[in-house]
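Biologist: Please put the structure up, and I will ask about it piece by piece.

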Amino acid sequence: MRHSHILLALFFALILATQARHHPHHKKHKHSSSSHSSDNNSNNNQSYASSSPSPSPSPSPGYDDNEAAPSPSPSSPSSEGDDNGSEIFDVRTFGAIGDGVGDDTKALKMAWDSACQSESAVNVVLLPRGFSFMVQSTIFTGPCQGALVLKVDGTLMAPNGPESWPNNTSRRQWLVFYRINNMSLQGSGAIDGRGQNWWDLPCKPHKGPNGTTLAGPCDSPVALRFFMSSNLSVQGLRIKNSPQFHFRFDGCKSVHVDSIFITSPSLSPNTDGIHIENTNDVRIYNSVISNGDDCVSIGTGCYDVDIKNITCGPSHGISIGSLGNHNSRACVSNITVRDSTIKASDNGVRIKTWQGGSGSVSRVTFTNIHMDTVRNPIIIDQFYCLSKECSNQTSAVLVSDIAYSNIKGTYDIRHPPMRFACSDSVPCTNLTLSDIELLPAQGDIVNDPFCWNAYGNLVTLTIPPVSCLIEGLPQSLPGNDLDRC
């Protein structure tokens with residue numbers, strides 16, 4: 001009889017456990033309390049992130065947009081914690097289907113909200129492998145109780161073009177992360193912006209009928225936008241075919257991007273890989289980016305940025321700017337781009353500003369960069385314009401203290417290998433060049449560099465020789481624009 005009571009108790013316990021596992025709103029066991037400090041949360045988050053190895057920065061196999069989504073696994077959704085204080089929120093537990101067709105927006109949002117409110121040290125929102133989750137434009141808000149990990153092991157998909165975009169949601173952005181501290185976006189899966197139908201829209205001034213010019217831009221969405229957030233990590237993912245920028249960081253602090261792969265066609269418009277603006281303490285490492293615009297673009301208000309071991313191209317290169325549009329003021333400083341390769345791209349390392357702006361770009365280093373058939377390997381363009389209607393203006397963003405070292409490779413012979421086109425009224429100052437060796441990708445004719453109102457010096461001899469830089473400093477510099485930055 002004693003054995004019968006034991007077996008009966010075990011039977012009811014099994015039934016209750018099964019019901020709890022399949023109920024979408026069940027209470028999860030907490031493995032830690034809210035007394036954890038933010039420093040401990042950060043350490044636990046990093047421990048979770050390091051549990052799976054990061055991919056090396058080499059191209060990974062593609063996946064077919066037209067391929068049917070895999071059938072759901074018969075395994076039950078995970079909702080367990082682990083011994084180090086983390087808790088997993090599987091989106092299937094909250095009703096996600098994962099067939100690539102049904103709308104999983106509500107389920108993902110519910111999983112996020114539950115994880116955000118959890119008092120566990122690290123809370124993992126899981127999109128499991130073998131499923132494709134279609135999600136509409138959504139804003140994920142913080143702050144959250146503990147560290148939060150969005151782990152994409154399956155495929156996360158946007159609606160398929162403008163016709164599938166709901167009329168009552170913003171077309172400027174797809175997924176927004178707002179006021180989040182201590183978040184990691186990681187996983188072995190993929191994020192698909194499904195941008196093909198957006199790219200047919202005119203996103204820049206373009207030719208119209210009978211020689212007219214039609215205005216842009218369009219309202220294609222940014223795929224992933226982080227806004228007013230801090231202590232962010234993006235690691236190990238594949239992101240492809242964003243309608244516009246793949247990543248955008250606005251007003252953020254302490255951003256670490258590592259070992260990601262970004263791909264979109266070379267003619268896809270405005271598909272910058274990573275754009276940062278008003279953001280500081282940024283590290284972008286060990287990644288492969290191939291797209292239709294800048295691999296990395298750095299906007300105003302950015303400082304303390306380190307970019308290392310990037311394979312970039314085909315693309316428009318790695319750019320600071322554009323800055324100073326609409327007579328605006330821009331400040332960018334302490335930027336380093338190093339140990340990287342740029343190939344088959346319109347530009348290599350570029351600084352671009354509009355006429356009429358103010359402020360400064362200063363203390364920038366480009367070092368140990370290999371160029372492979374790049375049209376403009378080294379370029380400063382202070383006459384940046386998207387049409388032929390830009391007029392000369394007397395004010396400009398000051399470009400100063402720019403160092404180029406150990407930049408070698410080949411360039412497209414249709415353009416000069418180095419171009420320093422500085423403002424008529426605000427010259428570039430303190431440009432330094434050392435160990436530059438740029439040869440034509442075809443033929444034996446070496447093009448001369450181009451300089452306009454550019455002051456600097458050569459630390460070593462360069463190939464081709466640069467004889468157009470003006471030594472020393474100009475007799476007068478603009479007011480105090482640099483000091484204001």
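Modeller: UniProt positions are given in the numbering used here, feature names are shortened, and annotations may be inferred rather than shown by experiment. This is a predicted model in which local features need pLDDT of at least 70 and side-chain atom pairs count only at pLDDT 80 or more, while totals for chains, interfaces and linings use all residues. Residues are numbered from 1 along each chain as its sequence is written, and side-chain values use heavy atoms, with hydrogens and water left out.

Biologist: At which residue does UniProt place the feature "active site"?

Modeller: The UniProt entry that carries this feature is unreviewed. The residue sits in the loop between β22 (302–312) and β23 (318–323); strands (E, at least two residues) and helices (H or I, at least four) are DSSP runs numbered from the N terminus. The position in the record is His-316.

Biologist: Which backbone oxygen lies 3.4 Å from a polar atom of the side chain of His-316?

Modeller: Contact means heavy atoms within 4.5 Å. Leaving aside residues up to four places away in sequence, His-316 touches Asp-293, Asp-294, Asp-346, Asn-347, Arg-350 and Gly-292. The backbone oxygen at 3.4 Å belongs to Gly-292.

Biologist: How far apart are the end C-alpha atoms of helix α3?

Modeller: The expected span of a helix is 1.5 Å times one less than its number of residues. Helix α3 covers residues 105–117, which is 13 residues, so the expected span is 18 Å. The model agrees, with its end C-alpha atoms apart by 18 Å.

Biologist: How many of the 6 residues of strand β8 are buried?

Modeller: Buried means under 20% relative accessible area, exposed over 50%, and partly exposed in between, with a 1.4 Å probe and protein chains only. By that rule strand β8 (residues 173–178) is mostly covered. The number of buried residues is 5.

Biologist: Which residue in β13 does Val-176 stand opposite?

Modeller: Two strands pair if DSSP finds at least two bridges between them. Strand β5 (residues 138–141) runs parallel to β8 with 4 bridges, and there Ile-139 stands opposite Val-176. Strand β13 (residues 222–227) also runs parallel to β8, with 5 bridges. In β13, the residue opposite Val-176 is Arg-225.

Biologist: Which residues are linked with Arg-225 in a network of salt bridges?

Modeller: A salt bridge is a side-chain nitrogen of Lys or Arg within 4 Å of a carboxyl oxygen of Asp or Glu. Arg-248 forms one with Asp-250, the closest N and O atoms being 2.7 Å apart, and another with Glu-277 at 3.7 Å, N to O. That second pair links distant parts of the chain, Glu-277 in strand β19 (residues 274–277) and Arg-248 in strand β16 (residues 247–250), 29 residues apart. With Arg-225, the network holds Arg-248, Asp-250 and Glu-277.

Biologist: Is Arg-338 buried or partly exposed?

Modeller: Arg-338 forms a salt bridge with Asp-306, with 2.6 Å between the closest N and O atoms. The pair links strand β24 (residues 329–343), which holds Arg-338, to strand β22, which holds Asp-306, 32 residues apart. Asp-306 is buried because its relative accessible area is 16%. Arg-338 has 23% relative accessibility, so it counts as partly exposed.

Biologist: What percentage of the 485 residues in the chain is buried?

Modeller: The secondary structure of the chain comes to 5 helices and 32 strands. Among contacts with a separation of 6 or more, 76% are between residues 24 or more positions apart. The buried share of the chain is 51%.

Conventions: Polar contact = N/O pair within 3.5 Å; in protein donor to acceptor, adjacent residues only side chain to side chain.
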